Amino acid sequence: MKSQFCKKCQRPLPEGYKHRYCESCRNQQAENLKKTGKGLLALAGSVASLAVVVVTKGKINPKS
Ligand SMILES: [Zn+2]
């Protein structure tokens, strides 16, 4: 069995460790994912509201 190392910081991983990154790198990744996820959610929310505005403007035309 070959020993594994973290793909990011090259720290040796414990035997039978299932992940490619060590615990601290995984924590960092989780933090980044949370931030990215929140950003994406906010973006999706604004895009959705924008789409609603566009759709309602297309259907309801107050000028005509
Ligand atoms: Zn690491």
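Which residues coordinate the zinc ion? Four cysteines do the job: Cys-6, Cys-9, Cys-22 and Cys-25, each through its SG atom, at 2.2 to 2.3 Å. Keep in mind as you look around that this is a predicted model.

**The zinc site**

The angles among the four donor atoms run from 105 to 118°, and the site is tetrahedral. If you follow the donors along the sequence, you'll find the spacing C-x2-C-x12-C-x2-C. Take Cys-9 and Cys-25: they are 16 residues apart and link distant parts of the chain. Cys-9 sits in the segment before helix 1, while Cys-25 belongs to helix 1 itself, which covers residues 23-59.

**Buried or exposed?**

Here is how three residues compare with the solvent-accessibility cut-offs, where buried means under 20% and exposed means over 50%.

| Residue | Relative accessibility | Class |
|---|---|---|
| Cys-9 | 33% | partly exposed |
| Cys-25 | 5% | buried |
| Leu-40 | 53% | exposed |

So Cys-25 counts as buried because its 5% is under the 20% cut-off. Leu-40, at 53%, is over the 50% mark and therefore counts as exposed.

**Along helix 1**

Leu-40 lies in helix 1. Together with Leu-43 and Val-47, Leu-40 makes a nonpolar surface patch of about 290 Å². What does UniProt list for residues 39-56? An unreviewed entry there gives this stretch as "transmembrane region". In the model, residues 39-56 are 100% helix and 0% strand. The C-alpha atoms at the two ends of that stretch are 26 Å apart.

Terms used:
Residues numbered from 1 in each chain as written. Predicted model: local features only at pLDDT ≥ 70, side-chain atom pairs only at ≥ 80, totals over all residues. Heavy atoms only, no water. Donors = N, O, S within 2.8 Å, 3.2 Å for Na, K, Ca; no water. Tetrahedral: all angles 85-135°; square planar, octahedral: opposite > 155°, others 65-115°. Helix = DSSP H or I, 4+ residues; strand = E, 2+ residues; numbered from the N terminus. Buried < 20%, exposed > 50% of the residue type's maximum accessible area, 1.4 Å probe, protein only. Patch = residues over 30% accessible without salt bridge, like charges linked within 9 Å, V, L, I, M, F, W, Y side chains within 5 Å. Areas by Shrake-Rupley, 256 points an atom, 1.4 Å probe, with all protein chains shown as cover. Salt bridge = Lys/Arg side-chain N within 4 Å of Asp/Glu carboxyl O. UniProt positions renumbered as here; feature names shortened; annotations may be inferred.
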